[in-house]
Amino acid sequence: MSIPVTTRFAPSPTGALHLGNVRTALFNWLYARRAGGRFVLRIEDTDRERSSAALEAALVAELRWLGLEWDAGPDREDARGPYRQSARAAIYAGAFARLEAEDRAYPCFCTALELDVERRRRLAAGLPPRYAGTCANLGAAERAQRVAEGRPATLRFRVTTGEAIEYEDLVRGPQRFVSDDLGDFVIRRADGSAAFLFSNALDDAAMGVSDVLRGEDHVANTPRQRLIARALGLDPPRYGHLPLLVGEGGAPLSKRDGSASVAELREQGYLPEAILNLLGRLGHRYASEGWLTREGLIAGFDLAALGRAPAHFDRAQLRHWQREAAHRADAAKLEDWARGHVPPGREAAFVAAVRANLELPADAATWGHLVFGELPCAGGENARLIAGAGTAFWDAALEALAEDADYATLIARLKAATGRGGAALFKPLRAALTQRADGPELAALLKVMPPAVAMARLNAARALTENSATRP
RNA sequence: GCUCCCAUCGUCUAGAGGCCCAGGACACAGCCCUCUCAAGGCUGGUACGAGGGUUCGAAUCCCUCUGGGAGCGCCA
């Protein structure tokens, strides 16, 4: 019994989860879900120096937050695991021993310096920098002697020359590599740990991964990994290489592109669905250009719709999807945003009034303050608008409010008292009430704004008007 | 240096020889709606990197150039 599709996400906990990584995770997740298959999380923490449990925990938390749930992983072990590479040393050791016994791999005693010199020499000669094979054919005696000298050794995979390695890339189509271009590569570091190429290839096969979508920076790794799988008698997965996600100017995505890390976006209040709607369309096309639910994202995912050119991350597009997400968000979610920025118990009424203007939690804070808080004295354009309305305007407004008149009545009184209408009426009123030129409907705003606050602001406006009138 | 990949509006992209003097979305501008602004609706401007072929016809096929990206590690 074979499972049709198993994909995986295999991050190494050496840094914050990046939008580029997340997109890779997302595509694998979507592909598995679309196919009704499995999605696996494997933690690649063989580099013990740089990996940390805290980073792993953060990474797991962010994936969960995004809703990219997995069927097997370090927290959900099954027979194919363990899913943390640091726990798989014995498995790798067995494979190393076997390859070495079969002479598919050999110890290499070259030092970093020697390798570097050779690399430069080849580069200078216009040749690709590739391992020269210095240690490939050492006799048993020579090896024993070097070991006896206590010289550290890596284990190199022996690549037979003159072989063509061909396969079909899920995204790029037919691929062909010549083994001569590969060079013997390191599969075990001098400290005994497994190198990425090796553990990654072995684990994909051992964990039953059928399909891998990964960044195009892995293209050249693929032939090597196929060689490893073959030498181990394992079935390699199909590979698809995605164009990279880049930032402004086509440079690799970085902090300069503003919050390229998931943690930061989450902190700013971006919603998972917004991020998913954006990422799903970067290097991949959905038939629908509108908002997609999680189910829609899954149903519309298609390998054939994957592009091959690098995709740019654009902040404006993120904001667009965030606005969409915020407009669709549960009132409860928006009330969370409002909590602490509005008087307790007023969250629901507040959200009902301003929700069209809420895009991020920061907006809830802004409007919470503008509706319930203390405003400084109006200045600039606001002061000009307020003073320009004249004292009769404010007197009428105060009078109406004191009588607890409803909004329509208030407006009618103002019109009657001043003859103003349209912008001439609303601009000063809005300036007095919120000191902002934009915002939610005044009617709705006045409904949530405590009468005392509204009165105070109108009084302030009247005082300001009077002041500027007596001091021409 | 060598190998591989890519190239349509500012950005995401549609386009697999005539349906394209290039379509959509975001952003931008204007208009409508509304008692203001936002939200919503509508309209508009902006792109096939360059040069050569092939063809009756090319954004689409081929070549060269240019530009961008990736790789060539005891990093993943």
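## Helix α1 and the β3-β4-β7 sheet

Of the 16 residues of helix α1, 14 are buried, so the helix is largely enclosed by the rest of the structure. The model described here is predicted.

Helix α1 covers residues 19-34. With a rise of 1.5 Å a residue, its 16 residues should span 22 Å, and the end C-alpha atoms are indeed 22 Å apart, so the expected and computed values agree. Just after α1, G36 adopts a positive phi of about 70°.

The sheet considered next is an open one, formed by three strands in the order β3-β4-β7 with antiparallel pairing. Its edge strands are β3 and β7, each of which pairs on one side only. From one strand to the next, the twist averages 45°.

The residue ranges of the three strands are as follows.

| Strand | Residues |
|---|---|
| β3 | 105-108 |
| β4 | 154-157 |
| β7 | 185-188 |

Strands β3 and β4 run antiparallel and are joined by four bridges. Across this pairing, A105 of β3 stands opposite F157 in β4, and P107 stands opposite L155 in β4.

Which way do the residues of β3 point, and are they buried or exposed? A105 and P107 point one way from the strand, whereas Y106 and C108 point the other way. All four of these residues are buried. Thus A105, which stands opposite F157, and P107, which stands opposite L155, point one way from β3 and are buried.

Note on methods:
Residues are numbered from 1 along each chain as its sequence is written. Chains are lettered from A and ligands numbered from 1 in the order in which they are written. This is a predicted model: local features need pLDDT of at least 70, side-chain atom pairs count only at pLDDT 80 or more; totals for chains, interfaces and linings use all residues. Side-chain values use heavy atoms; hydrogens and water are left out. Two strands pair if DSSP finds at least two bridges between them. Helices (H or I, at least four residues) and strands (E, at least two) are DSSP runs, numbered from the N terminus. Axes are lines fitted to C-alpha atoms, for helices over the stretch in contact, and angles run from 0 to 180 degrees between N-to-C directions. The expected span of a helix is 1.5 Å times one less than its number of residues. Buried means under 20% relative accessible area, exposed over 50%, partly exposed in between (1.4 Å probe, protein chains only).
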